[in-house]
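Welcome! Let's look at a protein together and ask, step by step, how each label was earned.

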Amino acid sequence: MLTCESIGEALSGYLDDELTQQESQRVELHLRECEKCRSLLNQMQTLQQAVGKTPAMSLDQQHWDRVHQDPIATATETAGWVLLAVCLLPPLIVGSVMFLADTGVSVLAKLIAIGSVSGLALLFYTVLRQRMLVSITDKYRKVKI
Ligand SMILES: [Zn+2]
């Protein structure tokens, strides 16, 4: 038979459904007879529900937002995109024109190249558009950390 003193730890286990069937029955037996421990269990349930109402993701989301909005990360990311575009686009355009003007390259190879570059450009545009939409609609954008 459990006593009020010995039930303490078992109650939280009972609440979290971590007890064996036999242990649960012993706790239930005691709860049936003891108003004090029923009241304690009620309080623990209320507390657990209150804690449970806090979305588990909120802390992770806040952390992610903080990392995402880090001014240094944002600045280096922008600089990275600009550098990539400035250094990569001119040679890509010149190379593409030379490649397409080359009569020694088959039409099929040219079509494959055009398709690949178009696919990459579409992916690039999609990522860029999503990033712009996020930065426009981000509700934490102006929050200073
Ligand atoms: Zn009791």
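The questions and answers below go through this predicted model.

Q: What is the overall make-up of the protein, in helices and strands?
A: There are six helices and zero strands. Read from the N terminus, the order of elements is α-α-α-α-α-α.

Q: Which residues hold the zinc ion, and what makes them donors?
A: They are Cys4 through SG, His30 through NE2, Cys34 through SG and Cys37 through SG. A donor is an N, O or S atom within 2.8 Å of this metal, and these atoms lie 2.0 to 2.3 Å from the zinc ion, so they count as donors. Along the sequence, the donor residues follow the spacing C-x25-H-x3-C-x2-C.

Q: Why is the zinc site called tetrahedral?
A: The angles among the four donor atoms are 101 to 115°. Four donors count as tetrahedral if all angles lie between 85 and 135 degrees, so the site of the zinc ion gets that name. For comparison, the ideal angle for four tetrahedral donors is 109.5 degrees.

Q: How do you know whether His30 is buried or exposed?
A: The relative accessible area of His30 is 7%. Buried means under 20%, so His30 is buried. Cys37, another of the zinc donors, is buried as well.

Q: Where does His30 lie, and what does His30 touch?
A: His30 lies in helix H2. Leaving aside neighbours within four places in sequence, His30 is in contact with Met1, Leu2, Thr3, Cys4, Ile7 and Cys37. Two of these partners, Cys4 and Cys37, are also zinc donors.

Q: What does the UniProt record say about this part of the chain?
A: The unreviewed UniProt entry annotates residues 4-38 as "domain: Putative zinc-finger". In the model, that span is 83% helix and 0% strand, and its end C-alpha atoms lie 10 Å apart.

Q: What makes a group of residues a nonpolar core here, and which residues form the largest one?
A: A core is a set of buried nonpolar residues of listed kinds, joined through side-chain atoms within 4.5 Å. The largest has 10 residues: Leu2, Ile7, Ala10, Leu11, Leu15, Val27, Leu31, Cys34, Cys37 and Leu41. Helix H1 (4-15), helix H2 (21-33) and helix H3 (35-53) each supply at least two of them. H1 gives the most, with four residues. Cys34 and Cys37 belong to this core and also bind the zinc ion as donors.

Q: Which residues is Val27 in contact with?
A: Apart from neighbours within four places in sequence, Val27 is in contact with Leu2, Ile7, Ala10, Leu11, Tyr14 and Leu19.

Q: Why is Tyr14 called partly exposed?
A: Tyr14, in helix H1, has a relative accessible area of 23%. Partly exposed runs between 20% and 50%, so Tyr14 belongs there. Not counting residues up to four places away in sequence, Tyr14 touches Leu19, Ser24, Val27, Glu28, Leu31 and Leu41.

Q: Why does Arg26 count as partly exposed?
A: The relative accessibility of Arg26 is 42%. That value falls between the 20% and 50% limits, so partly exposed is the right label for Arg26. Arg26 is found in helix H2, and its C-alpha atom is 6.9 Å from that of Met1, 25 residues away along the chain.

Q: What makes Asp17 worth a look, and is Asp17 buried or exposed?
A: Asp17 has a positive phi of about 60° although it is not a glycine. Most residues other than glycine have a negative phi. Asp17 sits in the loop between H1 and H2. Its relative accessibility is 66%, over the 50% limit, so Asp17 counts as exposed.

Q: Which residues does the record call a transmembrane region, and what is the model like there?
A: The unreviewed UniProt entry gives "transmembrane region" for residues 81-101 and 107-128. Residues 81-101 are 100% helix, with end C-alpha atoms 29 Å apart. Residues 107-128 are also 100% helix, with end C-alpha atoms 31 Å apart.

Q: How do you know that Ile114 is partly exposed?
A: The relative accessible area of Ile114 is 41%. This lies between 20% and 50%, so Ile114 is partly exposed. Ile114 is found in helix H6 (residues 107-137).

Note on methods. Residues are numbered from 1 along each chain as its sequence is written. This is a predicted model: local features need pLDDT of at least 70, side-chain atom pairs count only at pLDDT 80 or more; totals for chains, interfaces and linings use all residues. Side-chain values use heavy atoms; hydrogens and water are left out. Donors are N, O and S atoms within 2.8 Å of the metal (3.2 Å for Na, K and Ca); water is not among the atoms, so sites may look incomplete. Four donors count as tetrahedral if all angles lie between 85 and 135 degrees; four count as square planar and six as octahedral if opposite donors are over 155 degrees apart and all others between 65 and 115; anything else is irregular. Buried means under 20% relative accessible area, exposed over 50%, partly exposed in between (1.4 Å probe, protein chains only). UniProt positions are given in the numbering used here, feature names are shortened, and annotations may be inferred rather than shown by experiment. Helices (H or I, at least four residues) and strands (E, at least two) are DSSP runs, numbered from the N terminus. Contact means heavy atoms within 4.5 Å.
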